[in-house]
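Student: I should be grateful for a close look at one helix in this structure and at the parts around it. Please begin at a residue beside a helix and work from there into the interior.

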Amino acid sequence: MGGFPILSVMLLVPLLGAAACLLVAANQARLIALGATLVNLALGIMLWANFDIGGAQWQFTESADLFAGFQWALGIDGIALMLIMLSVFLMPVCIGASWTSITKRVGEYMAAFLFMEVLMIGTFAAQDLFLFYIFFEAGLIPMYLIIGIWGGDNRIYASYKFFLYTLLGSVLMFIAMLWMAKEAGTSSIPALMQYDFPAGAQTWLWLAFFASFAVKMPMWPVHTWLPDAHVQAPTAGSVILAGVLLKLGGYGFIRFSLPMFPEASAQFAWLIFALSMVAVVVTSLIALVQHDMKKLIAYSSVAHMAIVTVGLFAFNVQGLEGAMIVMLSHGLVSGALFLCVGVIYDRLHTREIARYGGLAINMPRYAVLFLLFTMASIGLPGTSGFVGEFLSLAGIYQISSVVAFVCTTGIILGAAYMLYLYRRVAFGDQVNADAAAMPDLNHRELWLLAPIAAVVLWMGVYPESFLAPMRSDIAALDARLARAAPAGDAHLEIGEAAPAAQEEAHGGAH
């Protein structure tokens with residue numbers, strides 16, 4: 001890029017847009033917000049196009065000393081690149097989804113979304129420990145305001161719960177960061193990823209970071225803020241909450257817990273597996289009995305994120321790659337499902353599943369797109385959901401066939417609740433004359449859903465485009481974890497033949 005500070009520019013564009021939105025009337029605020037997010041999407045595409053696959057691990061790096069011990073240090077690897085792309089892709093969709101439904105304090109609403117974009121990109125691009133912490137925690141503020149001001153009837157309770165849950169975990173993480181910077185003599189994230197902390201300290205550091213990331217994921221049992229936040233948030237708030245904010249926890253595990261504390265990660269893998277197995281089964285069963293569409297999709301998010309956590313702690317390449325693809329896929333699919341709920345909510349102003357029925361008759365385009373996203377959520381081959389879940393479960397199967405079996409039941413239960421939802425909404429009897437008279441998708445709604453549908457199919461048919469930028473980073477992380485990787489039950493059965501067979505397989509692959 002010839003020294004062009006593209007990451008700083010990607011932070012500056014929405015920041016200036018947010019300031020402008022506060023100063024102008026509602027219609028101009030909408031246009032400015034859309035313009036700023038589209039410019040950032042174009043910059044994101046430039047970033048991806050210029051990313052050197054297989055080149056240096058950290059690219060587009062920028063650094064400047066601000067004051068003692070604190071650096072403005074930005075840079076990305078393939079993992080951060082993909083999550084930044086997810087953020088800039090979903091942002092214009094969120095602005096478009098709020099075009100007609102948000103009528104009060106429009107300028108402030110658009111400014112909150114643009115400020116959120118700054119903080120999300122900053123979190124993924126930060127290379128300084130404390131800079132990461134500022135971006136990571138400040139992301140709470142705009143989301144708290146979006147739920148608390150533009151949310152549903154019970155929005156104050158939901159926004160406070162969201163804020164307190166996520167803040168409590170982070171205090172411990174900050175204390176751990178201060179100790180780490182003092183111990184290692186640096187706050188540079190790439191340097192800390194290579195630093196070997198003493199095994200005794202790793203345990204406490206891992207727990208401190210886990211307190212924050214588990215809430216953000218969200219893992220069972222600290223997931224209860226999520227259904228409340230989703231139900232009360234406006235449609236675009238739910239899209240960005242499910243699409244990107246839940247990924248901050250997974251990104252934290254990949255960037256901090258695993259590479260910085262590999263021994264502690266192996267030591268606590270059983271805890272992650274236990275919580276994830278409970279999450280997959282329990283939240284799927286809870287989703288089956290929901291009457292509110294948003295609550296159902298929110299509980300499905302917890303089950304999907306549990307597949308991510310087992311993949312991350314499988315300590316092998318398939319698990320890590322699978323977890324990343326599930327995160328990207330879930331960001332798109334879950335965001336699209338919330339948009340689908342928003343479309344019919346705008347027409348009938350209720351999320352009760354029982355109030356709908358037979359929408360395939362009067363809303364055929366809607367029914368087709370909703371079906372595609374339902375199938376992607378289940379993990380139908382040919383959609384993005386299949387690739388990630390298959391890789392994650394293949395990774396975890398090498399470590400524990402029991403965990404793999406329990407998590408696979410989640411896919412079966414997922415099919416049960418998603419198809420049950422789709423049957424009641426799209427087919428069934430047209431019980432309600434209001435629902436039977438609803439018009440099909442308009443051009444704006446088609447423009448919002450069609451690009452997501454295209455990417456979901458692209459990722460399902462040719463996942464290599466998304467895996468290629470991340471492959472060398474995941475291999476580096478796998479090499480870092482190799483010394484602590486627990487022996488899986490698969491290896492115990494194969495016995496001594498395993499290393500030779502693996503070597504042969506690797507030789508064949510090369």
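Tutor: The place to begin is His349, which lies in the loop between helix H16 and helix H17 (359–362). Helices (DSSP runs of H or I, at least four residues) and strands (runs of E, at least two) are numbered from the N terminus. This is a predicted model, in which local features need pLDDT of at least 70, side-chain atom pairs count only at pLDDT 80 or more, and totals for chains, interfaces and linings use all residues. Residues are numbered from 1 along each chain as its sequence is written, while side-chain values use heavy atoms and leave out hydrogens and water.

His349 has a positive phi near 55°, although His349 is not glycine. Most residues other than glycine have a negative phi, and most peptide bonds are trans. With a relative accessibility of 57%, His349 counts as exposed. Here buried means under 20% relative accessible area, exposed means over 50%, and partly exposed lies in between (1.4 Å probe, protein chains only).

His349 follows H16. On the other side of H16, Phe315 occupies the loop between helix H15 (293–312) and helix H16 (317–348). Phe315 also has a positive phi, near 60°, yet Phe315 counts as buried because its relative accessibility is 6%.

H16 itself has 32 residues, which should span 46 Å at 1.5 Å a residue, and its end C-alpha atoms are indeed 46 Å apart. The expected span is 1.5 Å times one less than the number of residues in the helix. H16 is mostly covered, since 27 of its 32 residues are buried.

That brings us to the interior. The largest nonpolar core contains 193 residues, and Ile76, Ile84, Ile240, Phe373 and Ile452 have the most contacts inside it. H16 gives the most to this core, with 18 residues. A nonpolar core is a set of buried Ala, Val, Leu, Ile, Met, Phe, Trp, Tyr and Cys residues joined through side-chain atoms within 4.5 Å. In soluble globular proteins, nonpolar side chains tend to be buried together.

Ile240 illustrates such a position. Apart from residues up to four places away in sequence, Ile240 touches Leu90, Met91, Cys94, Phe113, Met116, Met120, Met143 and Leu245. Contact, in this account, means heavy atoms within 4.5 Å.

Phe373 leads to helix H18 (residues 364–378), whose 15 residues should span 21 Å at 1.5 Å a residue; the end C-alpha atoms are 21 Å apart, in agreement. The buried residues of H18 are Tyr366, Ala367, Leu369, Phe370, Leu372, Phe373, Thr374, Ala376, Ser377 and Ile378. Their cover includes H15, H16, H17, helix H19 (384–399), helix H20 (401–426) and helix H22 (443–461). Just after H18 comes Gly379, with a positive phi of about 100°.

The packing of H18 and H22 deserves particular attention. Their axes are 11 Å apart and meet at an angle of about 35°. Axes are lines fitted to C-alpha atoms, for helices over the stretch in contact, and angles run from 0 to 180 degrees between N-to-C directions. The crossing of H18 and H22 is left-handed; a crossing has that name if the near helix is turned anticlockwise from the far one by less than a right angle, and is right-handed if clockwise.

From H18, the residues that take part are Arg365, Leu369, Leu372, Phe373 and Ala376, which meet Leu446, Leu449, Ile452, Ala453, Val456 and Leu457 in H22. The residues of this contact comprise ten nonpolar, no polar and one charged. Ala, Val, Leu, Ile, Met, Phe, Trp, Tyr, Cys and Pro count as nonpolar; Asp, Glu, Lys and Arg count as charged; the others, Gly among them, count as polar. Phe373 and Ile452, both named in this contact, are also among the core residues with the most contacts.

One further loop merits a glance for its backbone. Pro218 is found between helix H9 (199–216) and helix H10 (225–232), and a cis peptide bond with omega of about -5° joins Met217 to Pro218. Pro221 is also in the loop between H9 and H10, and the bond between Trp220 and Pro221 is cis, with omega of about 5°.
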